[in-house]
Amino acid sequence: MSHMLFFGFGYSAQVLARRLAKTGWSVSAAARSAAGRAEIGEHGYRAVNFSGLAAADLEGITHLVISVPPGDRGDPVLSAHGALLQALARQIEWAGYLSTTGVYGDHGGAWVDEATPLTPNTERGARRVATEQAWLDTGLPVHIFRLAGIYGPGRNPLQSVRDGSARRIVKPGQVFSRIHVADIAMVLEASIARPHSGRAYNVCDDEPCPPQDVIAYAAQLLGLPPPPEIPFGEATLSPMARSFYADSKRVSNARMKFELGTRLAYPTYRQGLAALLTP
C-alpha cells in the first residue's frame, strides 16, 4: 500500500493529502508541537513527532512531500533527518520538494522555463536554490516543483475585495504567474504516476499577468467597483511584500504538461476565481 509522509502540512499539502486519502492512500505528517500533531490527527491522518523522528516512524513510508521552507541554516528536514531518510532510500519510491519560481530571479517580464539559469535576487530565492540541490544530492528519488503564486479556497482575491483590503498596486511591466491549489495537487499526483527522478517542473497556469488585473477581475465577478490603482512607488508595503515585486517574469508550464500529461482544471485566474465565487 502507498503511504505518503508530509514534512510541512500547510495549505497545499492538506489538499493533496485529502485527494490521496480518498483513493486509499495512507497519510502521515510530521509536526514539532503537540498541538500540530493533534491537528493532524483531527484530519484523520497519522501524526509523527518531527523532533523525535525515528526509523520506526518511517516503516512502510513509500512517498515523501517536503514543503518546509529553508532557514538561514539550510533545510530543517535534511538538517534533522537527512541521514535517516537516506538510510531508508530503497523503500522510498518518490519524493517531491515544493520550491518556488523565485529561484529564477528577475527577467523583466520575459519567459523562463526549467532550462533557464537559476539567478535569484532575494535571500529567500537563494536559499531555495541551495535546498533544491541539497535534496537532489541525497540520492533519494527527488522531484522539484517550482510553484507560482498559490490561490484557492480561503486564500484568494475575492476575499480581499469583499473585505476592502485589496489594493491594485501598479508597477509598469510587472507580471506574475499563479496556480490554483487544486492544480498543484493534480500535478503532484501526475508526477507520482509518472516519476522522473531528478526532474524539475514549473507549476503555474497558462496566463502570467499584472497583479492589478486579477484584483480588477475579482471585483468584476463580485459586482463591486475595483479598488483605485496605486503606483508602486507610493504603496506602503512590508519588506516581504515589496520583495515579491523585485521579480517580473512569465513562467512556462510546457514541461509539466508534456511530460506529466497534465490538464489544468483552472488554466487562468478567470476560471479559478469564477469557480471560487460559487461554492
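How many of the six residues of β2 are buried? In this predicted model, the answer is five, and the strand is accordingly described as mostly covered. The chain reaches β2 from β1 by way of helix α1 (residues 11-22), in a β-α-β crossover that is right-handed.

β2 pairs with two strands, β1 and β3. Strand β1 (residues 3-7) runs parallel to β2 and is joined to it by five bridges. Pairing with strand β3 (residues 46-49) is likewise in the parallel sense, here over four bridges. Individual bridge partners can be assigned on both sides: Leu5 is matched with Ser28 in β2, and Ala29 has Ala47 as its partner in β3. Between β2 and β3 lies helix α2 (residues 34-42), and these three elements form a β-α-β unit, which is right-handed.

Within β2, which spans residues 26-31, the position of Ser28 was examined further. Ser28 has a relative accessible area of 0%, and because the cut-off for burial is under 20%, this residue is classed as buried. Its side chain makes a polar contact of 2.7 Å with the side chain of Arg46. When neighbours within four places in sequence are set aside, the residues in contact with Ser28 are His3, Met4, Leu5, Phe6, Arg46 and Ile61. Among these contacts, Leu5 is also the bridge partner of Ser28, and Arg46 also takes part in the side-chain polar contact.

How values were computed:
Residues numbered from 1 in each chain as written. Predicted model: local features only at pLDDT ≥ 70, side-chain atom pairs only at ≥ 80, totals over all residues. Heavy atoms only, no water. Buried < 20%, exposed > 50% of the residue type's maximum accessible area, 1.4 Å probe, protein only. Polar contact = N/O pair within 3.5 Å; in protein donor to acceptor, adjacent residues only side chain to side chain. Contact = heavy atoms within 4.5 Å. Pairing = 2+ DSSP bridges. Right-handed = clockwise from strand over helix to strand, strands pointing away.
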